[in-house]
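Please open the model in your viewer and keep the sequence panel visible beside it. The tour below proposes one selection at a time and states what is to be found there.

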Amino acid sequence: MNSKIRNIFVVAALLACGTLTAQNMTSSPYSRYAYGDLNENVPTGYRAMGGVGVGMRNNKAINPSQPASYTSMDSLTFMFDIAACVSWSHYRDAGGVKNKANGNLEYVTMQFPLWKRWIAMSVGLTPYSSVGYSISLSDSIPGYHFKKDYDGTGNISQVYGGLSFNICNWVALGANVYYMWGDLNRMRSLYFTESGLKTTIQDEILSVSNVRFRAGAQFFHTWGKHSVNIGAIYENKMKLHSELIAIETQSNDSIPIFVNGWELPRVWGVGASYNWANRLTVAIDFERQCMASALYNGFPGNDPENGLQDRNRYAFGAEYRHDPMGRKYVERMLWRAGVSVQDEYLATIGAKRISATIGIGFPLYTIGTVINTTIEYTHRGSAAGLEDNSLRFTIGASIAESWFFKRKL
């Protein structure tokens, strides 16, 4: 790869760093709770397959959700992946309807071999969670009329570095280390229509930072045109360096009201995938985030003060291409589809989050690049309460180049 293209990669990575830490990736009222909307950290191609990742092992994709997968790459290849998304959301409740659009760079990741096909490394910048909502409610009591506003912004970002080891021809182990940081700002306002009554505004900013770890393992085997991969991931519960600051609107004073009362939940997941002749892939994942037992605001998640529950997520997806070496371009295109079902981690919501995805991968002729596109439809809530319907379009470039090939003179 020439130096001009490498410089483009560097600029793109720097732009992604600034954008990911400066913008929200959601406008959902459901992001009011806990750490907001959580990101699955799978590449664009896997997002089109319902967000599977734990059991996926592919030498053309960087998969930060499963650190054991990095050694699937070619020993002479450098890989780079960058993606951006735009979403349209439609909310409905008893107070009416609202439409909102968002867009942002989503992630930037890199991957390269360290020692032949036995050790590989990946680094990148990805979002952990996002908060973004604006809700207004009008009400009255005898003699008084008032409006309540709820507004939230912010995100938690993370940089990671991961290593993967093939300990034999059918087992790989891996681990990611993450550094996380971010601010979540939530404001509640109470306005009275009647003159003489003061407006009340409560502004709370949760600042967090910490290092966390994820371990992964994959067991894989190929015979003839068939290959099977089984994977697992695990993260232990981790304490967050955190501080909740309340801002008093009259005096504009910032008052720390709680320190180090937050934890990241224990996470574990399993997944499996099957591939036939490098043409058809099917995969299934299950993941649990144990929010109920992790501290939030100084109390266990399942304490009535918080009302959180464990978050289970199921995902299923498939990918098909007619012929990887076909002469016609359409024969080499990748067609993907998937579904996922997950619990909302606020116990009182009850309704599940259901997503359906489709996507196409467009391989380029000149370099080892695939342009991946995904369209995701998500439904949350119910018509009887708060209903959230969103459509999200993601586009990413997955680039694989032979940087370590030595030409003979």
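Select Gly224 to begin: this residue takes a positive phi near 60° in the hairpin of strand 7 and strand 8, where two residues lie between the strands. The model on the screen is a predicted one.

Next, colour strand 7 and strand 8 (residues 226–235), which pair in the antiparallel sense over nine bridges. Within this pairing, select Ala217 and find its bridge partner, Ala232, in strand 8.

Now extend the selection to strand 6 (residues 171–192). Strand 6 runs antiparallel to strand 7 (residues 200–223), and 20 bridges join the two. To see one position in this arrangement, display Trp181, which stands opposite Ser209 in strand 7.

Remain with these strands and show the side chains of Arg212 and Glu235. They meet in a salt bridge, with 2.8 Å from N to O. The pair links distant parts of the chain, for Arg212 belongs to strand 7 and Glu235 to strand 8, 23 residues apart. Are these two residues buried or exposed? Both Arg212 and Glu235 are buried.

How many salt bridges does a search of the whole structure find? The search finds 15. Side chains of opposite charge can pair when their charged atoms come close.

For another of these pairs, select Glu376 and Arg47, whose closest N and O atoms are 3.1 Å apart in a salt bridge. Glu376 lies in strand 20 (residues 368–381) and Arg47 in helix 2 (residues 44–47), 329 residues apart in the chain. Glu376 and Arg47 are buried.

Move on to Arg380 and Glu344, which form a salt bridge of 3.0 Å, N to O. Here Arg380 is in strand 20, while Glu344 is in the loop between strand 18 (334–343) and strand 19, and 36 residues separate them. Arg380 and Glu344 are buried as well. Add Asp37 and Asp388 to the selection: together with Glu344 and Arg380, they are linked in a network of salt bridges.

Finally, select Arg353, located in strand 19 (residues 352–363). Which residues does Arg353 touch, leaving aside those up to four places away in sequence? Its contacts include Asp37, Glu344 and Arg380, and also Ser340, Thr378 and His379. Arg353 is buried yet has no salt bridge. The nearest side chain of opposite charge, Asp37, is 4.2 Å away; a salt bridge requires a side-chain nitrogen within 4 Å of a carboxyl oxygen, so Asp37 does not qualify as a partner.

Methods: Residues numbered from 1 in each chain as written. Predicted model: local features only at pLDDT ≥ 70, side-chain atom pairs only at ≥ 80, totals over all residues. Heavy atoms only, no water. Helix = DSSP H or I, 4+ residues; strand = E, 2+ residues; numbered from the N terminus. Buried < 20%, exposed > 50% of the residue type's maximum accessible area, 1.4 Å probe, protein only. Lys, Arg positive; Asp, Glu negative; His and termini not counted. Contact = heavy atoms within 4.5 Å. Pairing = 2+ DSSP bridges.
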